[in-house]
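Q: Please give me a close look at a single part of this structure, with the criteria behind each term spelled out. I would like the charged pairs treated before the packing, in one connected account.

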Amino acid sequence: MPCVITAEYFPFMLQDEICKSIAEKGGIDAILRRIDDSGEQGNKAVAKVCCSLLSKLAGSDANKSTIVGKGGMDKLIKLSARFADDPSVLQEIMSIILVTSLFKQWRNPENRQVYDL
């Protein structure tokens, strides 16, 4: 039976390892910098792509904490204000916020910060 369980969960474990590896190589920092840049430059296309990628990386629980710890939520709130008129960018931003909130230990106070908008 353990082989069946391992085979069933292997894709999730592999994805988690890939996400962690990207973060360890500075990927989250790079994406957060590009998110800031896209907001300053008004580049919706770059903002959407970066948010989509960050949402994928947030699939790893370790990366969720990293994103929050590096000020990612503040950057996303700022980006949402910049592109408030574009539902497609807002959808990507809200996707990251949702994924980041879905923490295995979702009661973790680090990931439950309240933001005044």
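A: A salt bridge is counted here when a side-chain nitrogen of Lys or Arg lies within 4 Å of a carboxyl oxygen of Asp or Glu, and by that criterion the structure holds 5 salt bridges. The model is a predicted one, in which local features need pLDDT of at least 70 and side-chain atom pairs pLDDT 80 or more, while totals for chains, interfaces and linings use all residues. Numbering runs from 1 along each chain as its sequence is written, and side-chain values rest on heavy atoms, without hydrogens or water.

Among these bridges is the one between Arg 34 and Asp 37, where N and O are 2.7 Å apart. Both residues belong to helix H2 (helices being DSSP runs of H or I, at least four residues, and strands runs of E, at least two, numbered from the N terminus), and because they stand 3 residues apart, about one helical turn separates them. Arg 34, with a relative accessible area of 37%, is partly exposed, and Asp 37 is likewise partly exposed, at 24%; buried means under 20%, exposed over 50% and partly exposed in between, for a 1.4 Å probe and protein chains only.

Another pair within one helix is Lys 64 with Asp 61, whose closest N and O atoms are 3.0 Å apart; both lie in H4, 3 residues apart, which is about one turn of the helix. Here both partners are buried, Lys 64 having a relative accessible area of 4% and Asp 61 one of 17%.

The bridge between Asp 86 and Lys 44, with closest N and O atoms 3.6 Å apart, links distant parts of the chain, since Asp 86 sits in the loop between H5 and H6 while Lys 44 sits in H3, 42 residues apart. Asp 86 counts as buried at 12% relative accessibility, whereas Lys 44 counts as partly exposed at 32%.

That loop leads back to H5, the part chosen for the close look. In H5, which spans residues 72-82, the buried residues are Gly 72, Met 73, Leu 76, Leu 79 and Ser 80. Viewed down the helix axis, these residues fall within an arc of 120°, so they line one face of H5; the arc is that of the directions from the axis to the C-beta atoms. The face turned away from this buried side carries Lys 78 and Ala 81, both exposed.

The buried residues of H5 pack against four helices, namely H2 (27-41), H3 (44-57), H4 (61-69) and H6 (87-101). Within this packing, Leu 79 touches Ile 35, Ser 38, Gly 39, Ala 47, Cys 51 and Ile 93, leaving aside residues up to four places away in sequence, where contact means heavy atoms within 4.5 Å.

Leu 79 and Leu 76 also appear, together with Ile 35, Cys 51 and Leu 54, as the residues with the most contacts inside the largest nonpolar core, which has 20 residues. Such a core is a set of buried Ala, Val, Leu, Ile, Met, Phe, Trp, Tyr and Cys residues joined through side-chain atoms within 4.5 Å. The elements that give two or more residues to it are H2, H3, H4, H5 and H6, with H3 giving the most, at 5 residues. Cys 51, one of the contacts of Leu 79, counts as buried at 0% relative accessibility.
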